[in-house]
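Hi everyone, thanks for coming. Let me put the structure up on the screen, and then I'll walk you through the part I'd like us to look at together.

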Amino acid sequence: MTKKLLSLLLALTMALGLTVSAGAAESAPEVEGSNAISIRSGMGVTRVNQSVELYQEDTASGQVGDAQSLAGYNQVPFGTTITVGNVGTDASAVFYIYCRSFTRRAGSTITHDASGAEVDMQGRYFGYSTVQYLTDKGAAGAKSAGEGLYWNTDSAIDGSTAPDRAKVLQPGESVTFTMPEDGADTIFQLFVEVYYAGEEITARRSLPLKFAPPVSAEPRPAVPSSASVMVNGTKTSFDAYNIDGSNFFKLRDLAYVLNGTRKQFQVGWDGAANAISLTAGEAYTPVGGEMSAKGSGEQTAKPTTARILLNGSEISVTAYEINNNNYFKLRDIGSAFDFGVDWDDAARTISIDTAKGYTPG
């Protein structure tokens with residue numbers, strides 16, 4: 001039996017925070033490589049046994065392929081670290097760690113199938129054929145994956161021809177990283193590929209992960225945002241705050257401004273259920289007080305205790321209550337309703353564009 005015939009036992013034991021053990025693999029000496037990888041999660045994991053379909057559009061052809069079905073996924077608190085280690089003995093092993101992301105589209109997202117017919121991805125987990133690969137060589141536009149580590153984006157990964165994209169782990173070494181911030185309702189497929197000297201891929205396994213913001217009862221300081229905001233090219237004044245480096249907008253202000261666009265949404269409140277309901281594509285009903293004067297001075301933001309329902313399904317987003325109003329992270333709302341959110345650092349300007357789809361950034 002050669003290494004090419006190995007069945008990698010990445011046993012997805014992240015749900016238990018365990019390491020793949022030698023006793024769980026084939027016992028023949030020549031399959032030592034199937035024991036070469038361990039995966040650990042920094043925090044607790046919940047296994048969600050829910051069937052999910054993932055749709056991927058090829059960036060070259062612009063066509064969406066057949067759905068990939070998952071029987072479930074592992075839900076991990078947002079910000080959890082993941083550790084991949086080489087517990088084998090073969091010093092020639094080279095690890096490629098990369099991921100694809102699929103975000104649930106609440107708003108209309110039009111793509112095409114192989115026949116050229118339009119397909120709307122609304123309500124489905126949808127992603128592109130690009131990958132984000134883990135490396136210690138950050139390129140332009142790379143996202144942080146932890147100290148000295150980056151997620152670089154490219155059209156594909158080919159371990160046999162791209163050694164600069166490898167994370168070399170000697171026997172006994174490991175690497176600890178965080179996943180990219182790609183929206184509030186995103187499923188990642190984390191891939192680990194292992195190559196050995198002079199051979200093609202010998203082992204590959206995907207791990208489905210979904211991250212939710214950690215639950216915290218601690219209030220946070222909220223400072224009025226100094227950034228300008230453009231909505232579909234028009235300068236608009238919002239009551240917005242910066243909390244821990246992210247911009248938070250009053251939920252009803254966003255619904256009010258986006259009303260009448262393709263990405264409009266309704267906001268409802270169920271006091272008995274302590275739930276905020278968001279309905280994509282439905283016209284917003286103003287309640288008064290939308291787009292009121294911008295607050296001044298630092299405020300105290302308390303984590304929102306209400307459940308958040310998107311089209312009837314509960315979602316995890318980062319939200320705070322300030323002076324009896326709910327403020328949501330702008331990128332979470334952009335991801336949920338699939339509108340563009342961009343940042344111009346030189347002009348200190350946030351751009352919201354309902355003609356574009358959401359792109360993680």
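Let's go straight to helix α2, residues 330-337: seven of its eight residues are buried, so the helix is largely enclosed by the rest of the structure. Keep in mind that this is a predicted model. The buried ones are L330, D332, I333, G334, S335, A336 and F337. Right after the helix comes D338, and its phi is positive, about 60°.

Now, which residues does F337 touch, leaving aside those up to four places away in sequence? They are A106, G107, K263, F265, L278, T279, A280 and L310. Two of those names come back when we turn to the largest nonpolar core, which has 33 residues: F265 and L278, along with F337, touch the most other members. As for where that core draws its residues from, the elements giving two or more are β18 (228-231), α1, β22 (265-270), β23 (275-280), β25 (307-310), α2 and β30 (349-353). There is also a second, separate core, with 27 residues, including C99, L190, Y196 and L207.

A friendly word on confidence before we discuss. The protein chain averages a pLDDT of 79, and 80% of the residues score at least 70. Over residues 1-32, though, the pLDDT is below 50, and this stretch has 62 contacts in the model beyond near neighbours in sequence. Among the helices and strands, confidence is highest in helix α1, residues 251-258, at a mean of 96, and lowest in strand β2, residues 46-48, at 67.

That's my tour, so over to you!

Methods:
Residues are numbered from 1 along each chain as its sequence is written. This is a predicted model: local features need pLDDT of at least 70, side-chain atom pairs count only at pLDDT 80 or more; totals for chains, interfaces and linings use all residues. Side-chain values use heavy atoms; hydrogens and water are left out. pLDDT is the predictor's confidence in each residue, from 0 to 100. Helices (H or I, at least four residues) and strands (E, at least two) are DSSP runs, numbered from the N terminus. Contact means heavy atoms within 4.5 Å. Buried means under 20% relative accessible area, exposed over 50%, partly exposed in between (1.4 Å probe, protein chains only). A nonpolar core is a set of buried Ala, Val, Leu, Ile, Met, Phe, Trp, Tyr and Cys residues joined through side-chain atoms within 4.5 Å.
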